[in-house]
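I opened this entry to look up what the record annotates in this chain and how the annotated positions sit in the fold. The sequence and structure come first, and my notes follow.

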Amino acid sequence: MECDKCDKEAVMHASYSGAHLCGTHLCLSVDKRVRRRIREDALLSSESTPEDPEKWVIGLSGGKDSVVLTHILDETFGHDPRVEMMALTIHEGIEGYRDESVDACVELSDDLDMRHEMVTYEEEFDIRMDDVVEDDPENMAACAYCGVFRRDLLEQYADEFGADKLLTGHNLDDEAQTALMNILEGDVKQIAKHFDASLGSFEDRNEQDDFIPRAKPLRDIPEKEVALYAHVKDLPAHITECPHSSEAYRGEIQELLWDLEENHPGTRHSIMSGYEELAELTADRYRGSEQSELNECEQCGSKTGSSVCRKCRLIESINAV
Ligand code: SF4
Ligand SMILES: [Zn+2]
Ligand SMILES: [Zn+2]
């Protein structure tokens, strides 16, 4: 099948739009959608100037999503004096997985001449995910520990580096899964939080004094197109799956979405457009009710709804083994 835009061979057919695109035109199309998302989200504040630029910290794992995000942001804003960007990698201590993806992060940031910092669970918490999985004191999935630690470090270090925004590489599939999980779990407060933390335009979100605002500029792009983009551009992305990947419920939802998408192309896009509108309404509904309840963790000082934060409680339980 030929590309719709030129006479080269198409590398993809997007059922949701009917488009057949070659590698070059797929990449152009992805670039265009990401830039539109950045504009619609008002990602770059109109108040930032060359004298007082915004600082963006990009969560760079070395996987295809964050590598593609970093590449596009660099192409778009690399020479814009109103933005300063740097990449932050979290090393969880997973043998044969993270070491290689860290190489990808180093290669990419060298290529782009972008500042790159790495923090490790081992240095910060004196734990490694490989050991946590083996001991498993809370009888939980690996990702349930790992997600708490990663969020904590991203937040803490983005703050330390003076970030105005924290950018992550979540794609359309990731976000549609999260949206559906929140809806199926009936967790309306979580939907409200999701909006204020990382969805929607910065002009519409509630102020989050306690947390660094997050943005997900790839959230319109299906996972497969992100992977093809990384491949066509020959970006240094590490594609192996984490050996502890274990989010069973998310896996179920992912398969459900694949089936739905196959029979009803465009389902992921329609879930997200409806969800975002709904999330904005729920965020308005809960405005102010959550933030006042937050206080500082007695042990580490991070923001929490109880006296000791979840990260500190998990570390205590791991150390007690
Ligand atoms: S898949 Fe789970 S355990 Fe592996 S790095 Fe991601 S969150 Fe951590
Ligand atoms: Zn083409
Ligand atoms: Zn704490």
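Where in the chain is the place of Cys-309? I looked it up in the model, which is predicted, and found Cys-309 in the loop between β9 and α12, the helix that spans 310-319.

I had come to Cys-309 through the UniProt record, an unreviewed entry, whose "binding site" annotation covers Cys-297, Cys-300, Cys-309 and Cys-312. I then checked their spacing: the four are spread over 16 residues of sequence, yet they cluster in space, with a largest C-alpha distance of 8.4 Å.

Is Cys-309 buried or exposed? I count Cys-309 as buried, because 22 C-beta neighbours lie inside 10 Å and the cut-off for buried is 20 or more. Leaving aside neighbours within four places in sequence, I find Cys-309 in contact with Cys-297, Cys-300, Ser-302 and Thr-304.

I turned next to Cys-300, which is found in the loop between β8 (295-296) and β9 (303-304). Cys-300 has 15 other C-beta atoms within 10 Å and is therefore partly exposed, since that class lies between the limits of 12 or fewer for exposed and 20 or more for buried. Not counting residues up to four places away in sequence, Cys-300 touches Cys-309 and Cys-312.

Last, I looked at the other end of the record, where the same unreviewed entry gives residues 2-27 as "domain: 2-thiouridine synthetase TtuA-like N-terminal LIM". For this span I noted 19% helix and 23% strand, with the end C-alpha atoms 16 Å apart.

Notes. Residues are numbered from 1 along each chain as its sequence is written. Chains are lettered from A and ligands numbered from 1 in the order in which they are written. This is a predicted model: local features need pLDDT of at least 70, side-chain atom pairs count only at pLDDT 80 or more; totals for chains, interfaces and linings use all residues. UniProt positions are given in the numbering used here, feature names are shortened, and annotations may be inferred rather than shown by experiment. Helices (H or I, at least four residues) and strands (E, at least two) are DSSP runs, numbered from the N terminus. Two residues are in contact if their C-beta atoms, placed from the backbone, lie within 7 Å.
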